[in-house]
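Hello,

Here is the structure I said I would pass on. Please open it first; my notes follow below.

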Amino acid sequence: MSAREDMLARIATALEGAERTPPPDHPYGAVTPLADLAATFVECVEDYRAVVQRVTPDGIAAAVAEALSRATRIVVPPGLPTEWLAVLDGVEVVADDGHLSADELDRFDAVVTAARVGIAVTGTIVLDHGPDQGRRALSLVPDLHICVVHESQLVGDVPESIAPLRDAVDAGRPLTWISGPSATSDIELERVEGVHGPRTLHVLLVAPTS
């Protein structure tokens, strides 16, 4: 008998005759309803010192251009909607083909991506790295990340985010969970931004079409 089998046998012996209490009936995925998902999401994202701008579908391109007013070179995932970049002026746009190195990505001023899920009570954005989000390095290396999130993608809490992400997990794609710009603290608890990812996160929250 192996050590593992011996341990399991001892546990089984100890549990013989013990009263078993059934686990509580927990409706996984259900959370307390929020009065306003969008308002909660905005408040929590801003609490991380990220910028949140609420726009209409027709205003995405103008908002992207405004957020990129100081950028000269940006990188985008291959499946990003081209209309989001329609009013850029004087900005070089490079679609990532998967071959750019980390050093090359670091030479871009910003990246623009879509998202898969926004979690209201934690202020978290989840990327499942579909065509409009690109590979993980895109959202981690450039110093400015402009992320477009639709209100229809918002959920209340973390358990509710699992179902929309199932297809990506089944396909073997990674998930990136973003709660504000990259930040850490040194030994004296001084906040330092941009160490593990973008120094600035600019979120465009798109209202549903009326």
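Start with helix α3, residues 60–67. Six of its eight residues are buried, so the rest of the structure largely encloses this helix. Keep in mind that this is a predicted model.

The buried residues of α3 are I60, A61, A63, V64, A65 and A67. What do they pack against? Four strands: β1 (51–55), β4 (110–114), β7 (144–150) and β12 (200–206).

Next, H202. This residue lies in strand β12. Its relative accessibility is 12%, and buried means under 20%, so H202 counts as buried. Which residues does H202 touch, leaving out those up to four places away in sequence? The list is V51, Q53, A67, L144, H145, I146 and C147. One of these, A67, is also among the buried residues of α3. Q53 deserves a separate entry: its side chain and that of H202 are joined by a polar contact of 3.1 Å.

Now to the surface. M7, L8, I11 and L15 make a nonpolar patch there, of about 340 Å². M7 sits in helix α1, which covers residues 3–15. Is M7 buried, partly exposed or exposed? Its relative accessibility is 45%; partly exposed runs between 20% and 50%, so M7 counts as partly exposed.

In short: α3 is largely enclosed, H202 is buried with a polar contact to Q53, and α1 holds M7, which belongs to the nonpolar surface patch.

Best wishes

Key. Residues are numbered from 1 along each chain as its sequence is written. This is a predicted model: local features need pLDDT of at least 70, side-chain atom pairs count only at pLDDT 80 or more; totals for chains, interfaces and linings use all residues. Side-chain values use heavy atoms; hydrogens and water are left out. Buried means under 20% relative accessible area, exposed over 50%, partly exposed in between (1.4 Å probe, protein chains only). Helices (H or I, at least four residues) and strands (E, at least two) are DSSP runs, numbered from the N terminus. Contact means heavy atoms within 4.5 Å. A polar contact is a pair of N or O atoms within 3.5 Å; within protein, one must be able to donate a hydrogen and the other to accept it, and residues adjacent in sequence count only if both atoms are side-chain atoms. Patches are made of residues with over 30% relative accessible area and no salt bridge: like charges are joined within 9 Å, nonpolar side chains (Val, Leu, Ile, Met, Phe, Trp, Tyr) within 5 Å. Accessible areas come from the Shrake-Rupley method with a 1.4 Å probe; for residues, only the protein chains shown count as cover. A salt bridge is a side-chain nitrogen of Lys or Arg within 4 Å of a carboxyl oxygen of Asp or Glu.
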